[in-house]
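Q: Could you take a close look at the pockets and cavities of this protein for me? I would like to know what lines them and where those linings come from.

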Amino acid sequence: MANEFVYAQPVKIYFGEGKFARLGEILSELGSKRCVIACGRHFAPEAEKMKESLDQIVGVFGGVEQNPQLRGIEETVRLCRETKADTVIGIGGGSSLDTAKFAAAVTLGEGEPLEYYRGEHPFPEKRLTIVAVPTTAGTGSEVTQVSVVSHGTEKKTINNPVFMPRAAIVDPVLSSTVPPRTTMNTGLDALAHALEGYWSRNHQPISDLMAVEAVRIILGNLETAYQDGSNMEARANMAYGALLGGLSFALPKTAASHACSYPLSEDYHLPHGEACAFTLDSLVRINADERLEQLCRAVGLKDSEELAQRIAALKKLGGLRTRLSELGEVDLDKLCRDCAAHPLMNNNPVRMDESALRRMFEALR
Ligand code: NAD
C-alpha cells in the first residue's frame, strides 16, 4: 500500500526528435507573441537566426554562463522589460533554463533581480510564460520549480512555484553536439537526481517509479552517448532518462550528493554534474538499505556495491575528478561544515553530520 502523498506535474512536455522545429506552433498554442530567448554561447548564433525567421522572437540574450550568475538574469530582465515580452524561452543546459525561469518570474515586478534573489520582496503575482528547451541530458530543470543562481561566489537554490515552466520541449537532436565530458557530467547529474529522489526522506510512489526507470535507462545508455555522441538512439534515451530523473526529484528533492555539490562548485569550481558525481558512489555505499537493493535488482544489477562500481567506472571513463588531491588545496574543515549546513542534507536517509562527512571525504583524499 502506498502511503499518503500529493503528486502534481503541471508542465506540458513535448518530447521527441524534431519537436524543436515546431517551436512557432507551440508558442502559438501557448498564446506567446513576444518571446525573449535566454541561451549560452553555443546556441546564440542559432537564436539570432531564429529572431530573423520567427515572428514571435523579439530578443535574444546569448551570454548565459555556466553556474549562471545573476548578471545574466539582470540583462535578460532588462531585455524583457524593453521589448515588453510575454514569454522567456530558455534554450541550453540547466544554466540557460534557470536564467530564463528567474527572469520570467521577476520581469513584471517593481524590484530588481538582486532584491528578489536576496528575498527582500515576495515574487510578483504576475509573471511571464516560461518555455524550457533543454539541450543537455542532465538537470531536469524543464520540469522543476527550482532556479539555481550564483551571485559572486554564492550559489543559491531557490525553490518556488513561480519558476515552473508552462511547457518543456525535449528534442534529443539538440543534445547531439554536447561534448563527451559534458555528456558524462550531465548524465551523472541525471543519475544523481534519480537516485536521490528515490532515497530522499520525502520520496513518494509515483516519483519512485520514474526514478527506477531513469536509473535503468541512464545506466544503459550513458556510456554509448559519451563514446559516440552521434548515436541518436543513445541520445534520445538519455534525454528521456534525464527528463524522468527531473520528474523523480521534482517533489522529493535531492539529498547529500547535491548538498555536497554546492561547496564543491563554489570553492573548487567543479561543473555541477561532476560535483554531484564526486560523492555519488560513496553515498550509494553509505545509503545502501533494502529499498536501494530492490532498485538495483529492478535495473538488473546484483546489488548496491555493483551500482557504486558502475558509477565509479563511468567517472573514470569520463576523466572526472574523483579525489580531493585533484582539487588543489582543500580546506577539509570548511568543506565538511558547508556540506553539513546545506538544507538538502536533511533529505538524506542516513544522517550526515560533519564527522560522517569527514569520514566520507577522508576516504576520497
Ligand atoms: P550548463 O547549462 O552549465 O552547460 C554546460 C556547458 O555545455 C555550457 O558551456 C553550455 O554552453 C554547453 N552546452 C549546453 N548544451 C550544449 C549543446 N547542445 N552542444 C554543445 N554545448 C552545449 O550545464 P548543465 O549541467 O546542463 O546545467 C548546470 C546548471 O543547472 C547548474 O547551475 C546547476 O546547479 C543547475 N541545475 C538546476 C536544476 C533545476 O532543477 N533548476 C537541477 C539541477 C541542476
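A: Happy to help; here is a walk through the open pockets, then the enclosed cavities, then the nonpolar packing.

This is a predicted model, so local features need pLDDT of at least 70 and side-chain atom pairs count only at pLDDT 80 or more, while totals for chains, interfaces and linings use all residues. Residues are numbered from 1 along each chain as its sequence is written, and side-chain values use heavy atoms, with hydrogens and water left out.

First, the terms. On a 1 Å grid over the protein atoms alone, a cavity is a set of points where a 1.4 Å probe fits but cannot get out; a pocket is an open set with protein on both sides within 12 Å along at least five of seven lines, and lining residues have an atom within 4 Å of a point. Grid points are joined across faces, edges and corners, and a volume is the space filled by probe spheres set on the points.

The largest pocket has a volume of about 1,200 Å³. Its lining has 48 residues, and Gly93, Gly94, Ser95, Thr139 and His272 lie nearest the centre. Helix α6 (180-199) gives the largest share of that lining, five residues; helices and strands here are DSSP runs numbered from the N terminus (helices H or I, at least four residues; strands E, at least two). By class, the lining has 13 nonpolar, 28 polar and seven charged residues. Here Ala, Val, Leu, Ile, Met, Phe, Trp, Tyr, Cys and Pro count as nonpolar, Asp, Glu, Lys and Arg as charged, and the others, Gly among them, as polar. Domain 1 (12-174) and domain 2 (179-362) each contribute at least three residues to this lining, with bounds that come from an automatic or database domain assignment.

The second largest pocket, of about 190 Å³, lies between the two domains, because both give residues to its lining. Of its 13 lining residues, Asn67, Ser150, Ser265, Glu266 and His269 lie nearest the centre. His269 sits in the loop between α9 (256-268) and α10 (272-287), and its phi is near 60 degrees, a positive value in a residue other than glycine. His269 is also exposed, at 62% relative accessible area (exposed means over 50%, buried under 20%, partly exposed in between, with a 1.4 Å probe and protein chains only).

Now the enclosed spaces: a search of the whole structure finds two cavities of 30 Å³ or more. The largest has a volume of about 90 Å³, and among its 18 lining residues Pro134, Thr136, Ala137, Gly138 and Glu142 are the closest to its centre. Helix α8 gives the most to this lining, with three residues. Eight of the lining residues are nonpolar, eight polar and two charged. The second largest cavity, about 60 Å³, has Thr136, Ala137, Arg235 and Met238 among its lining residues. Helix α6 supplies the largest share there, three residues.

Finally, the packing. The largest nonpolar core has 72 residues, and Leu191, Leu195, Leu264, Leu307, Leu357 and Phe361 have the most contacts inside it. A nonpolar core is a set of buried Ala, Val, Leu, Ile, Met, Phe, Trp, Tyr and Cys residues joined through side-chain atoms within 4.5 Å. Helix α7 (residues 205-227) provides the largest share of this core, ten residues.
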